[in-house]
Amino acid sequence: MTSPPPSRISHRAEGGPDLNYLYATTAHHDDDVDDPSTTTTKLNKKQSKSSKRPVQRGRKSDKRCLRGTTLFLGGEEGPNNKIYCIPGHAERVLCIDTATDEVYPIGPEFDASNMVLNGKFKWLRGIVIGDIIYGLPCHADCILRIDTTTDEVGTIEIPYEEYFDNDMPTDDTSKKSMAYQERHCPWKYHGGAISPQDGCIYAIPQSSKKVLRIDPKTEKCSFVGPDLEGRCKWYGGVVGNTDGAIYGIPQNAGGVLRIDASGVNYKGEVEHDNNGLPPSSPEARVLVTTHGSYPPGIHNWHGASASADGTIVSIPNNVDTVLCIVPAPEAAYPTPDTKAKTTPEPELYILEGQSPSDIATGRHREDKKYKYLGAMAGTDGHVYCFPSGSERVLQVDTRRRIARSVGPNLRDEGMELLFQNKWQNGLTTNQEGCVYAIPLSAESVLRIRTGPHNHDPNSGNCDTGPSEPEVTTWKLPLPNKVLEKWEGGVIAANGIMYCMPNNHKAVLQIIPPCVPSREAMHKARDEKEKEREKVREAQKEQRQQELEKKKAEKEKKRQQRIRQRMERKKREKNNGGEAGLALEEEKKEEGSTNMTTAQYMAFINKEEATPDGVPFLYRSGIPTLRSSAHRVKHSIKHRKQDPNPKDKDGNSTNKTFLPAELCNEDIMAYSTDEYDFHAAVADILQGCDEVLVGKFRSLADGSSVPPQLDNFSVPPISLKRKCQKGKAEQAQVFLSNAVASDTRFLSLFDSFVVNKVLPHLKARLQASGCHQSDKPISFYYQRPPTIRVQPGPARALVRAHNDAEYGHQNGELNFWLPLTNRRKTGVDLLVESKLGAGDYHPLKAEYGEVASFHGSSCKHTVNPNHSLWTRVSLDFRVGVEGYYDPQWQMSGTTNDHSRRKVTL
């Protein structure tokens, strides 16, 4: 029997949890696949200065990609059962799939050089509303936005200049404007909460002067309340159970912060100060007040947790007392028609320990500082504070108003070797009746059993729980010597806890004993990975054989050209050059060239002319200019096709390949009068930069003619990549933006897809027996479509490939609309009839027809354009519900193929 990897430890035999490390994996090499157009994944669209490659550790298949320190500062689970980690110093968002335990980065890289304080401590804590997760700014001057339906990551600007003075001080030129100072202020906010009164997010100011308000309906950011001076003022916010106000916990501030948004829905005039804001604005109707008086500036309390009776318990950090906040009985404006008689006041009281040793730091410190970091309410209703420098757990009973130490002395009992920064933040499992503390520097997980528990996940019986809290620690897997390992955690819908990596390079997974073990799933995944590795090795061997075959054919052709060249030179020498002179005269009469015979023969010998002798205008570079970008970093060996399509009820269908009948090639006619894509695309190209994208040719006398797509000329430099000192990437971005911003074209395209393509596709599904006609079905179509411009005469061709290589799914179908005459250019889209057939044949669609084929599995290619004309086409893909997973993206791929969902 093989022992489990060191990244997993099971304590189930002793009644404890399973502790597993989940490593984020990616390809070992950042291999850029040859694709006609590529763009960077930096958020600000600047080129990355360096290519960082992850260091491979452990097993061959284990390629761990997290680097650096202070990586993530909290996380949230979305409705899709995936957890998204909020970047601190990390360059990207980290996603944890709780169904498969896979961990991988998503979204763009955040360019540190373009962010406040070089991208350190960007965001701290996240809040989920619907399908969107918002990351609250710490050093960053913007809000992080994660769309869990698409895994799109972006930011929302904060308009500092609208709320703060943006004028430079005239008395001191070294000072910056107030707006500049606020935008570049470090430690802006720490945590926040959703107000139940108006549904908006309110961020708790640490060093910022005002409370930040985020309206999730409009995604507008604004500021509320008076100016609040000081640094590290409040730490975290908790919603009151009686008044719905948000309470900020004083860290260095002299009082408790209270944010009451009930005035937003009040129909009358609010009576509190509007702080210079328009009286009718929602911001002016939010009441922000402070309560109590405490010694400022000594890091008094570190966050809080609410007990069962709603009392908010503040965690003692550098003080020897617990601050308790009983929320006000009602809000300032309890209903839209009523208001409170006086300004709501919470009840504030201080608890001291039952004995002098109850609220105390450890013996290793003499300054009595840094006692506890974080707390959670147990299933018994009490709040439990987690030891940082302290040696025991602190229990706060707000019903009896008692604070006392519980459990053994962790140092004396040898339960934890670290003395300082042991645990911070925690999670409560109601099913097990336990509170778990997240290891910060500790080498173990702290568990406090506070209520009934049940070891057997298959049994319905629970015991009555301990009479006294039971405090235990559980050793972490190796490595466990890292300091400040994890920051924040989430209990997923499956009952398993996931802790966000801070300085550790793995997610900590805590599986309580009342939840079924995942060892079987891990073993099954290991076996599946072995099978995948076998397939990849077979594919690699097949590709190597194909490569060797191509090399042999290429060498054979090269040797043949050398022999032909030598024979030609020998004939010329024997004939005194007469044949060459005759050939030169013949070409001059045809008007095809003004070259000398030697120059013409050089063109032929060096393959710098078409078979008809026309010199190539485009001798190097890519074959087509296209209006979309696609980048693949992983080599084919490391590209995994593992989407999880679901039906309308959210259940996995286990179908990733479209029905065979649907994969067959199909051609459908449409009216070019109703859908005049030729004119629409011509309008787009006419509006493009002539130097960068190209222009329509004019007559010899300079007069213009109506634009015809096959008469469009692309500058040769725009088909050369940046590495070839070309502008292909710039031209692609310009054309892509032109297509995405042309509302007339997009409206025409939407009408075409919804009214012509999708009904025809649904009818094909019904005819194949794969869908019932009386039931709706959803489609996901690519929007905008891709415009491809292939000028000639050119040497390059589009290599044979299938779209699965670039991260497209087998649950989608390709649609191709030629917009020029294929006979005029001699260019065709050549497709094999089925996977691996190799019987390439043209899709003989004409203008006014749309052809569909299964491009994800069937390889396709485009031959070189040897004509003087330009080929232009339009293409897009459609995913089918039940076979296509709109939330999946192949690891290591980026593209701008956004999708629109339509239900018929």
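# Strands, rings and buried residues

Modeller: Leu-257 in E17 is the bridge partner of Gly-248. This is a predicted model.

Biologist: What joins strand E16 to E17?

Modeller: Three bridges, with the strands running antiparallel. Pairing needs at least two bridges, so E16 and E17 count as paired. A hairpin of five residues also links E16 to E17.

Biologist: Which strand do five bridges join to E17?

Modeller: Strand E18, residues 287-291, which runs antiparallel to E17. Here Val-256 stands opposite His-291 in E18.

Biologist: Why is E17 called largely enclosed by the rest of the structure?

Modeller: Count its residues. Five of the five residues in E17 (256-260) are buried, so the rest of the structure largely encloses the strand.

Biologist: Which residues cover the two faces of E17?

Modeller: One side has Val-256, Arg-258 and Asp-260, and the other has Leu-257 and Ile-259. These residues are all buried. In a regular strand, side chains alternate between the two faces of the sheet.

Biologist: Why does Ile-127 count as buried?

Modeller: Its relative accessibility is 8%. The cut-off for buried is under 20%, so Ile-127 meets it. Ile-127 lies in strand E7, residues 123-129.

Biologist: Which residues is Ile-127 in contact with, leaving aside neighbours within four places in sequence?

Modeller: Among them are Glu-76, Tyr-134, Leu-136, Gly-192 and Ile-201. As for Gly-78, it is 49 residues from Ile-127 in sequence, and the C-alpha atoms are 9.8 Å apart.

Biologist: What is the strand order in the open sheet of four strands?

Modeller: E11-E12-E13-E14, with antiparallel pairing. The edges are E11 (189-194) and E14 (220-224). Each has a single partner strand, so one side of each has no neighbour in the sheet. From one strand to the next, the twist averages 25°.

Biologist: How many bridges pair E13 with E14?

Modeller: Five, in the antiparallel sense. Arg-213 stands opposite Ser-222 in E14.

Biologist: How many aromatic pairs are there?

Modeller: The count is 20. A pair of aromatic rings is described by the distance of the centres and the angle of the planes.

Biologist: What makes Tyr-675 and Phe-752 an aromatic pair, and of which kind?

Modeller: Their centres lie 5.3 Å apart, with 70° between the planes. The limits are centres within 6.5 Å and, for edge-to-face, planes over 60 degrees apart, so this pair is edge-to-face. Tyr-675 is in the loop between strand E36 (666-669) and helix H7 (677-686), while Phe-752 is in helix H9 (743-767), so the pair ties together parts 77 residues apart in sequence. Both rings belong to buried residues.

Biologist: Why do Phe-749 and Tyr-781 get their label?

Modeller: The centres are 5.9 Å apart and the planes stand at 65°, so this pair is edge-to-face. Phe-749 lies in helix H9 and Tyr-781 in strand E39 (778-782), so parts 32 residues apart in sequence are tied together. Both Phe-749 and Tyr-781 are buried.

Biologist: Which residues form one aromatic cluster with Tyr-675 and Phe-752?

Modeller: Tyr-670, Phe-677 and Phe-745 join them.

Biologist: How do you know that the charged end of Arg-411 sits over the ring of Phe-419?

Modeller: The distance to the ring centre is 4.2 Å. The distance limit is within 6 Å, so that part of the rule is met. Likewise, Lys-176 lies over the face of Tyr-180, 5.3 Å from the ring centre.

Conventions
Residues numbered from 1 in each chain as written. Predicted model: local features only at pLDDT ≥ 70, side-chain atom pairs only at ≥ 80, totals over all residues. Heavy atoms only, no water. Axes fitted to C-alpha atoms, helices over the stretch in contact; angles between N-to-C directions. Phe/Tyr/Trp six-rings, centres within 6.5 Å; stacked < 30°, edge-to-face > 60°. Buried < 20%, exposed > 50% of the residue type's maximum accessible area, 1.4 Å probe, protein only. Lys NZ or Arg CZ within 6 Å of the ring centre and 35° of its normal. Contact = heavy atoms within 4.5 Å.
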